[in-house]
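Dear colleague,

Please find below the structure that I am handing over to you. My notes on what was found in it follow directly after.

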Amino acid sequence: MSLTWINILTGASAIYCWLIAGVFLAFSDFVMKSLGALVPTQGIAAMQSINILVFRSFFMVGLFAVSAASLVFFAYGILVGGTSAGFLMSAGAIYLVTVMGVSAVGNIPLNNRLAVLDPKSAEATDLWTGYLRMWVRWNHIRTVGSALAATLMTVAVFQSG
């Protein structure tokens with residue numbers, strides 16, 4: 001296998017995409033269950049804090065870096081082609097739709113709705129149970145999508161050699 005810029009970008013993207021899948025899995029598997037087990041005011045306040053701090057995290061840098069790499073994969077597939085092009089383009093499409101798209105239409109709007117509520121209000125408490133259920137459902141899609149994209153990126157690295 002030759003070590004080219006596309007292999008390095010694909011390998012790095014695959015590794016970070018696996019990490020993204022792991023973070024999403026942790027949230028779906030036990031973080032959200034733990035927050036749901038708290039008294040609603042505490043769970044809501046904790047989730048509001050997570051939703052603020054995540055935007056200042058290294059996680060977000062990688063999330064957007066893989067998005068940019070996904071766009072590069074499309075251009076590379078169109079301009080250069082080759083054995084791995086289909087895997088790269090599929091990985092990019094899956095990532096952009098299931099991670100970034102689902103975040104934009106599912107998880108972020110739920111987070112924005114929760115963000116403006118006083119955790120001690122009746123409205124927040126009423127919203128909380130439905131929020132948890134819907135947030136986790138959307139997050140399952142992000143988990144599976146990022147794992148599938150990472151798998152395709154990993155395959156592309158080995159196909160290019």
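Among contacts (heavy atoms within 4.5 Å) between residues at least 6 apart in sequence, 82% join residues at least 24 apart. The model is a predicted one: local features need pLDDT of at least 70 and side-chain atom pairs count only at pLDDT 80 or more, while totals for chains, interfaces and linings use all residues. Residues are numbered from 1 along each chain as its sequence is written, and side-chain values use heavy atoms, with hydrogens and water left out.

Overall architecture

The protein has 5 helices and 0 strands, where helices (H or I, at least four residues) and strands (E, at least two) are DSSP runs numbered from the N terminus. The order of elements from the N terminus is accordingly α-α-α-α-α. Taken along the principal axes, the C-alpha atoms fill a box of roughly 60 × 25 × 25 Å. Of the 161 residues, 43% count as buried; buried means under 20% relative accessible area, exposed over 50% and partly exposed in between, with a 1.4 Å probe and protein chains only.

Nonpolar cores

A nonpolar core is here a set of buried Ala, Val, Leu, Ile, Met, Phe, Trp, Tyr and Cys residues joined through side-chain atoms within 4.5 Å. The largest one has 23 residues, and those with the most contacts inside it are Cys-17, Ile-20, Phe-59, Leu-63, Val-66, Tyr-95 and Met-153. Two or more residues of this core come from each of helix H1 (5–37), helix H3 (58–79), helix H4 (85–115) and helix H5 (122–159). H3 gives the largest share, 7 residues. Apart from this core lies another, of 16 residues, including Val-31, Leu-35, Leu-117 and Leu-132.

Two residues illustrate the packing. Leaving aside neighbours within four places in sequence, Cys-17 is in contact with Val-66, Tyr-95, Ser-146, Ala-149, Ala-150 and Met-153. Ser-67 lies in helix H3 and, at 8% relative accessibility, counts as buried. Not counting residues up to four places away in sequence, Ser-67 touches Tyr-95, Leu-96 and Met-100.

Aromatic pairs

Rings of Phe, Tyr and Trp (its six-membered ring) are taken to pair if their centres lie within 6.5 Å; planes under 30 degrees apart count as stacked, over 60 as edge-to-face and the rest as tilted. By this rule the count comes to 5 aromatic pairs. One of them joins Phe-27 and Trp-135 in a tilted arrangement, 5.7 Å centre to centre with 45° between the planes. Phe-27 belongs to helix H1 and Trp-135 to helix H5, so this pair ties together parts that are 108 residues apart in sequence. Both Phe-27 and Trp-135 are buried.

Another pair, Trp-128 with Tyr-131, is stacked, at 5.5 Å centre to centre and 15° between the planes. Both of these residues lie in helix H5, 3 residues apart, about one turn of the helix. Trp-128 is buried at 2% relative accessibility, and Tyr-131 is buried at 1%.

Trp-135 has a further partner: the charged end of Arg-142 sits over its ring, 5.3 Å from the centre. The criterion is that NZ of Lys or CZ of Arg is within 6 Å of the ring centre and within 35 degrees of the ring normal.

Helix H1

What should the 33 residues of H1 span at 1.5 Å a residue? The expected span is 48 Å, and the end C-alpha atoms are 46 Å apart, which agrees; the expectation is 1.5 Å times one less than the number of residues. H1 nevertheless has a kink of about 45°, centred on Phe-27. The bend at a residue is the angle between axes fitted to the seven residues ending there and the seven starting there.

Individual positions

Val-39 is found in the loop between H1 and helix H2 (40–53) and is partly exposed, at 48% relative accessibility. Its C-alpha atom is 30 Å from that of Leu-19, 20 residues apart in sequence. Gly-86 lies in helix H4 and is partly exposed, with a relative accessible area of 43%. The C-alpha atoms of Gly-86 and Phe-55, 31 residues apart along the chain, are separated by 32 Å. Ala-115 is also placed in helix H4 and is exposed, with a relative accessible area of 52%. Ala-115 and Ile-52 are 63 residues apart along the chain, with their C-alpha atoms separated by 8.7 Å.

Yours sincerely
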